[in-house]
Structure formats: structure tokens, C-alpha cells
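Good morning, and thank you for making the time. I would like to take you through a few local features of one structure, which is now on the screen.

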Amino acid sequence: MKKISLLGSTGSIGTQSLDVCRMHGYKVLCLTANSNVKLIEEQVREFKPELVCVMNEESAKALKTAIADTETKVVSGMDGLIECAAYEKADIVLNSVVGMVGLQPTLEAIKAKKTIALANKETLVAGGHLVTELAKKNGVDILPVDSEHSAIFQSMQGMPSKKAVKKIILTASGGPFFGMSKSELENVTAADALKHPNWDMGAKITIDSATMMNKGLEFIEAKWLFDMPNEDIEIVVHRESVLHSAVVYQDNSVIAQLGVPDMRIPIQYALTYPEREPSPVKELSLTDYGKLTFFEPDYETFPCIDVCRKAIEKGPLYPAAANGANEESVRLFLEGKIKFPDIAYLNYEAMLRAEDKTNITLDDVLETDRKAREFVIEAVK
């Protein structure tokens, strides 16, 4: 029986991960949340984990009182999150927390030689060099949970060697503002940006989809996961979100992974790899869709993609700056304090201010993240 430590169990990916665990009877040893006491209490009572972490101290105290009749131990803060990530009895750590908070527990899980099922973008965007080197050193597999990277990973199964791959095709839904002009985006609201056409995701990721920053972040992730040159990663807008990404081989054959837009497919593949098991997701009917469409991205209207391209070209700390700035600018947009186009501008300006350094440490990444956030807050003031 698979034994799982699930980081971020109350978010969109976390709750869908528990659907998969529920269906297959996997043992969930650890659960973590930020502050949603009501939901994590329900999860504790159903899955009976040995350890649970709530990041917020007051919420952790409330949960401890609420589940005092159970045998589950409650911890809190970053130390508690790391304890769950490195939990001795777990086989797999599924990291689905949102934001930079996910980096340190990933590193600690790798040190504890746990298989990583990775849904936290920031781990590879901000700390890709650190994470991949440490994983290599410890012989740890990083299995992607993002639908696009899972699709690439699945499409590479059975390839004779890495030399067989010519390029990667990374698909994007285009978000809710596909086809709109720069001027039309001037006055869009957070409510407009949260209306994703295909996926049910958390607020931050949905805004990233609207700006297409998510695709820039995924571009960086793909580079680290698959060790591909920048010029061999192509982004294509695919509105239906059925073809999740593809691999072009040297003979120009293209192998792609398709399925209905449901995150439980890539979640399950990371948990069952290399096996394939029955899934709670409905079967894809191509005739129901009738046609699938593909477009070039509009880089002028959605410049966040190029912010990330430039960041990964400039050096290992620049993506951390772009990512940290983005977390703050998205927060400010959701709070109504900046306009939609300001997100890309702030991300770009913060990214340019990163330190040009090669031999980086975790402290370098965290400091770069902090400075980028401070820049955004001060610039808006």
C-alpha cells in the first residue's frame, strides 16, 4: 500500500489528490493546510493521518482542540511542514502547497530520500538548480503533477534515449482573456480574471492563467524537469485543454497525452507510476469535442511569458525574483490595488533587479524572493 504525505490538502490539488487516495485505498500518513480548520478536521477524521500540520499558529491550536479525541498529532509553521515532508514512514510526498513556502519542504523531503510528486511550481521555478542537483545526489525521482509536465513525462515513456527528443510542445489554455487586446485588458477585474474556461483551480493559479504567467513559470519548470534548451520548448495555445502537451521526436513524430481537463489524471499517474490504474475521471470522447484548435501565443498582449523566458536566460536567481514579484502583484490585483497589466510590468522590473550569481544557496533564493516582494510593495506605494 502506498503511504503518502500530502502537503496542501485543503487546496484544489489537495482535495483532488484525496479523491485518488480514497479510490485506491492509499494510506495518508500526513496532511497539511494553511488555516482551513473546518476542512482539515473533516480530512483528519476520514483519513486518520498520524501527523497534521497547520501553518497558522492559531488555527493549529483550534485544530488540536477540535481533534483532541483522535490520535493524530498536530504541528504548525514551517518546522511542522518540514516534519510532514520528511516523515519517516511515507513513501511519496505530494507537494501541492501554493507559493514559495513549498520550496524548503521539497528540499527536506529529497534529503529524506522520498519520491516527490510535485504540484508546487515555485519549487522548480525559484529553486530549480538546488532541487535538481539535490535530487540527483540522493537518487530521488521528481514526478510532475502539473497536467502539462505530466503529459510530457508520459509522452517520453519508452523513448530510447534523451537524444531522441527534438523538442517539447507545452500547451496553454489561453485563459479567460484569449483574443483580447492590450487596451481591453486595462480595466478587467479580478472577478473577470477568475473565470477560467476549463479548469477549477485556486485564485492565485487562475490569475496566473489569465496573465499567462503560469505558462512562463511552466516553461522554467520544463527546462529543469526535462533538461531542454530554451529554444526547444514551444508554447502553443490550445483552447479546449484536451491535448495536455506533447513531445516531438527526431523523426518528427509527435507523441501527446490527451484526456478530459481533470487534474486527477496527472495526480494519479504520479502516485501510481509506472502503473496505470482505473481512475475517477470520465473517459475522453473526441467526437463530443468535434474539433481541437491550436494558436500562437500573443506575446505582446501577454508579456508575462517573456518575463519568465528572460529570467531563465539571465541566471538562476532571476526566476526567483520573477516568481516572488508575481506572488505579490497577484495578491495586490486580487485586492483591487493594481490593474491587470501592472502585474507583468512589476514582475519584469523586479526580475531585472535580481543578483547575477551562479553558485547559489537556499538563503540566496529566499533573499531574492524577499527583495522582489519588497520591490513590488514599494513600487505600488
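The buried residues of helix α14 are covered by elements that include α10, α11, β9 (233–237), α15 (318–334) and α16 (340–352). Please bear in mind that this is a predicted model. Helix α14 itself spans residues 304–314, and its buried residues are Cys304, Ile305, Val307, Cys308, Arg309, Ala311 and Ile312. Just after α14 comes Gly315, whose phi is positive, at about 155°.

Two of the covering elements, α10 and α11, also merit attention as a pair. Two packed helices are described by the angle between their axes and the distance between the axes. Here, the axes of α10 (residues 203–211) and α11 (residues 213–226) come within 5 Å, crossing at roughly 95°. The two helices are therefore roughly perpendicular to one another. On the α10 side, the contact is formed by Lys204, Asp208, Ser209 and Thr211, and α11 contributes Met213, Asn214 and Leu217. By character, the residues of this contact comprise two nonpolar, three polar and two charged.

Let me close with a histidine. His244 belongs to strand β10, residues 243–249. Is His244 buried or exposed? Its relative accessible area is 6%, so His244 counts as buried. Which backbone oxygen does the side chain of His244 reach at 2.9 Å? That oxygen belongs to Gly259. In addition, a polar atom of the His244 side chain lies 3.3 Å from the backbone oxygen of Val242.

Technical notes. Residues numbered from 1 in each chain as written. Predicted model: local features only at pLDDT ≥ 70, side-chain atom pairs only at ≥ 80, totals over all residues. Heavy atoms only, no water. Helix = DSSP H or I, 4+ residues; strand = E, 2+ residues; numbered from the N terminus. Buried < 20%, exposed > 50% of the residue type's maximum accessible area, 1.4 Å probe, protein only. Polar contact = N/O pair within 3.5 Å; in protein donor to acceptor, adjacent residues only side chain to side chain. Axes fitted to C-alpha atoms, helices over the stretch in contact; angles between N-to-C directions. Parallel < 35°, antiparallel > 145°, perpendicular 65-115°, else oblique. Contact = heavy atoms within 4.5 Å. Nonpolar A, V, L, I, M, F, W, Y, C, P; charged D, E, K, R; others polar.
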